[in-house]
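Please walk me through this structure in running prose, explaining how its helices, loops and charged pairs fit together.

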Amino acid sequence: SDDSDSSDSSSDDGESDEILELLRRAGMKKYAQNFRKAGIKTLKKARKCDADKLKNIGVKSGDVKTVSKALKQSIIPESASDKSDDSSSEEEEEEVEVIHRILRQIDLEKYMKDFKRAKITTLKKAYKLKDAKLRKIGVERSDDRKKIIHEFEKKKDNKTSSEDDEQKIARVMKGINMKKHIKALQKHKILELEQAYRLNDKRLRNFGISNSRDRKKIVKAFVQYKESHASDDAAYEIIKKLLAKAGMKKHLQAFKKKEIDSMNKAKALGHQELRDMGIHLYRERRDILEQFEKYDGGNISSPEESSEEEVADDNNIVHEVLRQQYMSRHIPDFDRAGIKDLRAARRLNQTQLRSMGVALYLQRERLINAFKDYKVKNEAILRILIDTNLSRHATEFEKLIDVEEAQNLTHSDLRGMGINLYGQRDRLMKAFANYKPKKKKKKKKGSDSDSDSDADSGSGSDDSASSKELNDVENVLVQQHLHRFIPAFEGVKTIQQARALTHTQLRNRGLKLFGQRERLMKAFEDYKR
């Protein structure tokens, strides 16, 4: 019983202190003793006092109105203000931890003391950091300064999505007539929808939202918003994947800002709408619209899977040239235009390349030169040069696509390529004209005896066919750009024989330079079939 009496008295003292605080604020502290003497120790009782009651306890008639108004005001306990101070300090500590984590990720944790000394304890200050400021606070290495600035810029860019969420939170609050509480949420850093979804009654009370009905309303509104937008999130993921497949993931933020969060909205877009969203290049708009039109509700393959076809198609020379020039993004443009062989690519001009989406003049010029200078190294042409004893001119023929193109060469063309003697030119032109490509024989399934007899009877033809192909020794000479010495190695048929050759023997075969001999001997040693 003594304990209960003491607890009641302590609570009464607490409420009488609240009465004292309210009177002090209104400049009526002198009447606090009057309330104590009258036994009015709780704020609830004090608020029930009318003008007559106040006069009876000793409040002057001129001060009655001021005292009654003061008692009706709400009081913020010191504990609540302490909580807000604590929460702000906690937020600052959290931001310091984020800065610490970013520095730790790039192995520059050693500069954390310099950041604290310079009072860079909030992300807002960290985002404004420049090279000169970092040098001033003690980050001496330029590479370290660049890393730090880059990481904080990346963090700032990632924050833009939370800004969009902030607008959505404000819209939800306005929809339930709770606009007055938006500032309370912003003050306590509720800026993302994921944070809003985790709100509960206790947290909202700590934010200063005293009305229980308002708290319930807010919690319910965000639960309903989450349920209603679950399908929108799935659609948004599809749009994100389609943009990635088109290689246009950089424009994802523009779709977020315009709230294109369903496939119906995405498919309704046209060139004008995309241009208004900031996508100015025609090629980019076309690729995005194509992906949206193609989508039929099925699974979307990742960009890596879709690029497997490009990787597998290594034999396509046009694709290879585009990759060499770091323009693989234009491969779909060339495929769409039907440019699938080098002959067609070499006929392209500036205007055609511009219409295909290669926007910059220098890129188009570089691409035209790359197609023109591409070295095909056709084995059939090389074989003909070897047979006509003109392999020393192999480098001039490397740009030719195939024998068909070589058949169109004239005497003046060959003279320009360095073949000055008429007899050599005539012999080479006849060799090109008489060339017939080998036809691959289809193997038929038959009995073992048939296959054996075919093998026996066709041994001669196989030998003749293999003689027309480059052997290992000739392949090494081609790789080392020593085609002109192929006739000198006529008796050397295997790599083992080539490896046994000495410097003297190679000199006798025409390789006068020591460096050439050394390089060739090393190539023979390292050669793998």
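**A helix with two faces**

The face of helix H5 turned away from its buried side carries the exposed residues Lys65, Lys69 and Lys72. Helix H5 spans residues 64–72, and its buried residues are Val64, Val67, Ala70 and Leu71. Because these buried residues fall within an arc of 135 degrees when H5 is seen down its axis, they line one face of the helix. An α-helix has 3.6 residues a turn, so residues three or four places apart point the same way.

**The chain as a whole**

The model is a predicted one, and what follows should be read with that in mind. The chain contains 37 helices and 0 strands, and of its 529 residues 36% count as buried. Among contacts between residues at least 6 apart in sequence, 55% join residues at least 24 apart.

**An enclosed helix and its partner**

Helix H28 offers another picture of burial, for 7 of its 9 residues are buried, so it is largely enclosed by the rest of the structure. The buried residues of H28 are Ala380, Ile381, Leu382, Arg383, Ile384, Leu385 and Ile386, a list that includes an arginine, Arg383. The axis of H28, which covers residues 379–387, comes within 10 Å of the axis of helix H31, which covers residues 422–433, and the two cross at roughly 135 degrees. That angle makes H28 oblique to H31, since a pair would have to exceed 145 degrees to count as roughly antiparallel. The crossing of H28 and H31 is right-handed. Where the two helices meet, Ile381, Ile384 and Leu385 of H28 are in contact with Leu428, Ala431 and Phe432 of H31, and Ile381, Ile384 and Leu385 are themselves among the buried residues of H28. Just after H28, asparagine 389 takes a positive phi of about 60 degrees.

**Loops between helices**

Two further residues with positive phi lie in loops. Aspartate 107 has a positive phi of about 55 degrees although it is not a glycine, and its place is the loop between helix H6 (78–105) and helix H7 (112–117). At 67% relative accessibility, aspartate 107 counts as exposed. Asparagine 177, likewise not a glycine, has a positive phi near 60 degrees and lies in the loop between H11 and H12. With a relative accessible area of 63%, asparagine 177 is exposed.

The loop that holds asparagine 177 also holds histidine 181, which lies between helix H11 (160–175) and helix H12 (182–187). Is histidine 181 buried or exposed? Its relative accessibility is 11%, and histidine 181 therefore counts as buried, whereas asparagine 177 is exposed. Leaving aside residues up to four places away in sequence, histidine 181 touches Met173, Ile209, Asp214 and Ile218.

**Charged pairs**

Side chains of opposite charge can pair when their charged atoms come close. In this model the count comes to 17 salt bridges, and three of them can be followed one by one.

Arginine 141 forms a salt bridge with aspartate 144, the closest N and O atoms being 3.3 Å apart. The two partners differ in their surroundings: arginine 141 counts as partly exposed because its relative accessibility is 48%, while aspartate 144, at 3%, counts as buried.

A second salt bridge joins the side chains of arginine 205 and aspartate 201, with an N to O distance of 3.0 Å. These residues are 4 apart in helix H14, which spans residues 201–206, so about one helical turn separates them. Arginine 205 is partly exposed, with a relative accessible area of 46%, and aspartate 201 also counts as partly exposed, at 27% relative accessibility.

Lysine 522 and aspartate 526 form a further salt bridge, in which the closest N and O atoms are 3.1 Å apart. Both belong to helix H37 (residues 514–526), and because they are 4 residues apart there, they too are separated by about one helical turn. Lysine 522 is exposed, with a relative accessible area of 54%, whereas aspartate 526, at 47% relative accessibility, counts as partly exposed. Elsewhere, salt bridges that share partners join Arg286, Asp287, Glu290, Asp333 and Arg336 into one network.

Technical notes:
Residues are numbered from 1 along each chain as its sequence is written. This is a predicted model: local features need pLDDT of at least 70, side-chain atom pairs count only at pLDDT 80 or more; totals for chains, interfaces and linings use all residues. Side-chain values use heavy atoms; hydrogens and water are left out. A salt bridge is a side-chain nitrogen of Lys or Arg within 4 Å of a carboxyl oxygen of Asp or Glu. Buried means under 20% relative accessible area, exposed over 50%, partly exposed in between (1.4 Å probe, protein chains only). The arc is that of the directions from the helix axis to the C-beta atoms. Axes are lines fitted to C-alpha atoms, for helices over the stretch in contact, and angles run from 0 to 180 degrees between N-to-C directions. Angles under 35 degrees count as roughly parallel, over 145 as roughly antiparallel, 65 to 115 as roughly perpendicular and the rest as oblique. A crossing is left-handed if the near helix is turned anticlockwise from the far one by less than a right angle, and right-handed if clockwise. Contact means heavy atoms within 4.5 Å.
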